[in-house]
Every structure is written in structure tokens, then in C-alpha cells.
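Student: I am new to this structure and would like a close look at one part of it, the surroundings of the ligand. Could you take me through that part slowly, and then through the elements that belong to it?

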Amino acid sequence: MRRSAAAGGLFAAGSLVPVSALANQASGEETTQAGRSPAKVAGGKVVQPQRELPVLHKTSVLVVGGGCAGTAAAFSAKRLGVDVTLVERYGYLGGLATGGLVLGIFPLYSRENKQVIWGFAEEMMKKLDVLKYGIIDRHKAPIYPTFDAEVMKYVLADMTLSSGVTAFLDCWGVDAIVDGRGGVRGAVFESKSGRQAILADIVVDCSGDGDIYAAAGAAFEKVKHNIGLISRIGNINEVDMAPTRGSEGLQRQHEHTFVGKVGTGRPSMGRVSDFNGHAGNATPAPHVNWLNMAGPVGDALDVANLTELELKHRLGTWSNVSKLQNKPGNEQVYLTETAPQLGVRLSRLLDGMKKLTYDEIQNGAKFKDVVACSGAYALSPEFQIPYGTLVPSKVENLLAAGRCISAEFKVADITRLIPVCWATGQAAGIAAALCIQDQCKPRNVNVAKLQNLLKQQGAYLG
Ligand SMILES: Cc1cc2nc3c(=O)[nH]c(=O)nc-3n(C[C@H](O)[C@H](O)[C@H](O)COP(=O)(O)OP(=O)(O)OC[C@H]3O[C@@H](n4cnc5c(N)ncnc54)[C@H](O)[C@@H]3O)c2cc1C
């Protein structure tokens, strides 16, 4: 599918206007917003009138959400030569891994400390490796690597600009576009440009919350998990080498909500906690720690709940740092930042062609359509993720990747972790590209071909 001449993405000619050319552009003319169709109040109901939407862009593969899964999907699809568009609601890429300040990369390793997630994940870590203060604790299993959020944002911006992927940031996916037979044909977005459509042959939902598959009518399970808010604190001199488990595991144990087994030993700097005045874990930035947080179980699809948590978590973090400042030796510690976005773990889980079960990962089930592998804390040496977990049970032209794929809650609690999202994103991106090249539906993708391409891009499939 060709790009529309009206395309206005980061790569569109003339999109970078010199500052000098912006001076004195105020027209002085009074105008009204074109294409207005405000909602109307009638009979006590608020009704949005039907209207035609401008088409912002046409693409072959549309990836919605620019977190770990979305960026992996977009770049991996583009490498196969298809036309790819990536849309993200915020002004930076990385999702929770940057805006959420989630900086630790679990679960790269099997129980035997063998790295089992490669491909795009390893590529990202290599890019972070060569940048100053980019990443620490590489190749030190069972210690997991920790990266810097700003370095990650830089890497992803650079990759986007050089990849040939068309990107739209500050653009929120609000609806699906479906054809008469229920097949997805793109998505509707809201931005400062108004409400616009992007038409696509295949849509990959990497929104983390399954916003687009839900809008398209795909079946899903709504789940609730702990919602936290991560922060970074500076001027940290405290070096507390008390052994902890992976911070996610330890956090949830404190909250008494985790149902599975957790934890490989992970020596760390400082301890991780909610509001107890602990010092968090080391980051690549000198004297800066990150404070993971479990937070209470919440409804990530309820704006009132999200608002309450945004506000209360910021107060809690402030009080946590104040407690820390009262500890002798930590007087100079300060709150560097609270994450721009809330730490939503899980909200929607797709009802896919296959739902990965806890029994399967515990028993090391092997799948003919394996497209990714994951370490599994203490559950099993490693486990396979089948392609069917990325494909909706019913709706066509649609794939999902990242934390909203088709898995039982306890499994999703692992497949939601950063390197696994990179792995499922890479698989979904390549699958989407194959749909374009082979003119087929996601459920009919030639899995052997997909697996070969994944291996060519460096993935480990067990
Ligand atoms: C508090 C917390 C601590 C964690 N700790 C760890 C850890 O220590 N180690 C680890 O490996 N993992 C950890 N995780 C898990 C991990 O960070 C995330 O699950 C993972 O980064 C998710 O990647 P994703 O791409 O699937 O989703 P996200 O990172 O959520 O990305 C989704 C992207 O889509 C965008 N988006 C959402 N909706 C829309 C829309 N409608 N339109 C357009 N764009 C949209 C978002 O802005 C975002 O950029 C933690 C998670 C939390 C919340």
C-alpha cells in the first residue's frame, strides 16, 4: 500500500521547519476549526454526530503503541521491506521502559543462568552498551541489566529516524476501523490535528492495554494488577548489598498479592520497597537509584482510579524520600523525578488462538509454533511462547504483542516483562510483514517461514 501524499509523519518532506521561518506567522485572521462536529446534548443524552474523518495516512503495517513491544514490532517489520507506521500517544518512545522508569531487564536468563532472550532484545542492549551511562550489569547472570531511561529514549528516537518507519507521536489511538466483515482496516487517532484515520492492511496492537483490539471487537479478559509509580532519587551514597530477589518479585511479595514462585538471587544496591524509606536499585547514572513500586491493585481502565493513584503515589514518593533524608548519611538525597506515566502492569489479556497456561510453562511445554522464549524465575528452566498467543481468536488483520497478549494471568505476569515484550513484538512485527508479502491473514502465516526470519534476526526459540 502506498503512503498518501498528505502524509505528515516525521519523515514527510518539510516537516522540520527552521525556527526562523516560524517567526511572524500569526495570521491575525479570526477563523473557526474546520470539520467541527461538537457533541450535542439532547434529551439528557450526549450524542456525537456521525461525520467523515480525514485520512491522515495509509500504510501496510500499523503499529499502535511505541513501547518495547511496539518499537520491536515496527523496526522488525520494516527490515523486511514493508511500509510500516508507528503511532504513540506520548512524545517519546519506550513506554513503561522510559516514561514508566522501569529500568531493570528481567527475565533474560533461564534458571541455569543461560540467556534465553536474544534477537531485538540483544540488539537493544548492544546499542545501550556503547553509550556512556547506558546500561550496567550486562552478562552478569543472575544479576539483570539495568539501563538509563534517557539513553533508551535517545536510542529509540535515533532508530526511528533512521529506520524508514513513519512515526506519529502525541497521537492517541481511540478506535478501530473495521470493514463490513469485521476485519480491521486501521485505526482512528486523536491528536492536536483533531480526529483522523490511518488506514492499514494489518494492525499490531502494542498499546499494552489492548485498546485497539478491544475497540475492534476482539474478545479479552479484563484483569487488575498492582499499579505503582516508579521514581529516581539522586545523591545516593548508600551501598547496601543485601541480597534481594528480582525487584518485581520482591515487591509483590511485600504486597502479598503474588501467587506464583518468584526470585533468582539478585544482589543489588539498596533495597526495593514502597514507602519505607529504602534506597532502591542502582542505575547507570552515578549516585542515582530507581525505586520500583508495587502499589495497590487497581483498575487501569478506570480514569478516576488512575487519577487517584497518580496523585497519591506522588505524595507517597515524596514522603518516602523525606524518610530517607532523615537517615544519617542520606541528608543530601533528593527526588530526581517521578515517572511521567503510571506503572500499569496488566489490564486486558487477549483471547487468542492460543492462551498460554501456567501448567504449560511450569512443565516446559514445547510448541510447534514457538516464536519466543522467556526465562521463568524459578518456575522452569525456560519456557516457549507460541505464535497463537499473538493472534485474536476471531477478528482478522490484527495481531497483539507485549503485555496484553493471550496468556493466563500468572503467565502474563512474566510475559509482560521487558525482554519478553521485545521478543513478542519482534515476532508480531515479522508476522505482520509476512502477511503483506504473502497476502495472507495473521492466522494463516507460514510459521516455519516466521521462525526462520526470527532466527535470521538473531532470536532464540529454544
Ligand atoms: C511498576 C512496574 C515495575 C516493573 N518492573 C519491571 C522490571 O523490573 N523488569 C522488567 O523487565 N519489567 C518490569 N515491568 C514490566 C514492563 O516494564 C512492562 O510490562 C513492559 O515495558 C511493557 O511493554 P509494552 O510495550 O507491552 O507496553 P508499554 O510499555 O505499556 O507500551 C505501550 C505503549 O503504547 C502507548 N499507548 C497506550 N495506549 C495507546 C493508545 N490508545 N494509542 C497510542 N498509544 C498508546 C503507551 O504510551 C506506550 O508507549 C514493570 C512494570 C511496572 C508497571
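Tutor: A residue is counted as near the ligand here if its C-beta atom, placed from the backbone, lies within 6 Å of the ligand. With that in mind, and remembering that this is a predicted model, we can say that 41 residues surround the ligand, and that the closest are Gly 65, Gly 67, Gly 95, Gly 343 and Gly 402. The elements that give two or more residues to this shell are helix H2 (68–78), strand E8 (172–178), helix H6 (247–255), strand E20 (343–344) and helix H10 (418–438). The largest share, three residues, comes from H2. Sorted by class, the shell has 18 nonpolar, 15 polar and eight charged residues. At least three residues of the shell come from each of two domains, namely domain 1 (52–127 + 148–223 + 347–462) and domain 2 (226–344).

Two of these elements can be followed further, beginning with strand E8. E8 is joined by six bridges to strand E9 (residues 184–191), and the two strands run antiparallel. Within this pairing, Ile 177 stands opposite Gly 186 in E9. The hairpin of E8 and E9 has five residues between the strands, and in this hairpin Gly 182 takes a positive phi near 85°.

The other element is helix H10, which packs with helix H3 (residues 120–129) at an angle of about 120°, their axes lying 8 Å apart. An angle that is neither roughly parallel, roughly antiparallel nor roughly perpendicular counts as oblique, and H3 and H10 are therefore oblique to each other. On the side of H3 the contact is made by Phe 120, Ala 121 and Met 124, while H10 brings Pro 419, Trp 422, Ala 423, Gly 425 and Gln 426. Of the residues in this contact of H3 with H10, six are nonpolar and two are polar, with no charged residue among them.

Lastly, a sheet can be described alongside these elements. Four strands form an open sheet in the order E16-E17-E13-E19, with antiparallel pairing. Its edge strands, each of which pairs on one side only, are strand E16 (281–282) and strand E19 (334–338). E16 is joined by two bridges to strand E17 (residues 289–291), the two running antiparallel, and the bridge partner of Ala 282 in E17 is Asn 289. Helix H7 (residues 303–325) lies across strand E13 (231–234) and E19, and runs at about 160° to E19.

Terms used:
Residues numbered from 1 in each chain as written. Predicted model: local features only at pLDDT ≥ 70, side-chain atom pairs only at ≥ 80, totals over all residues. Nonpolar A, V, L, I, M, F, W, Y, C, P; charged D, E, K, R; others polar. Domains from an automatic or database assignment. Pairing = 2+ DSSP bridges. Contact = placed C-beta atoms within 7 Å. Axes fitted to C-alpha atoms, helices over the stretch in contact; angles between N-to-C directions. Parallel < 35°, antiparallel > 145°, perpendicular 65-115°, else oblique.
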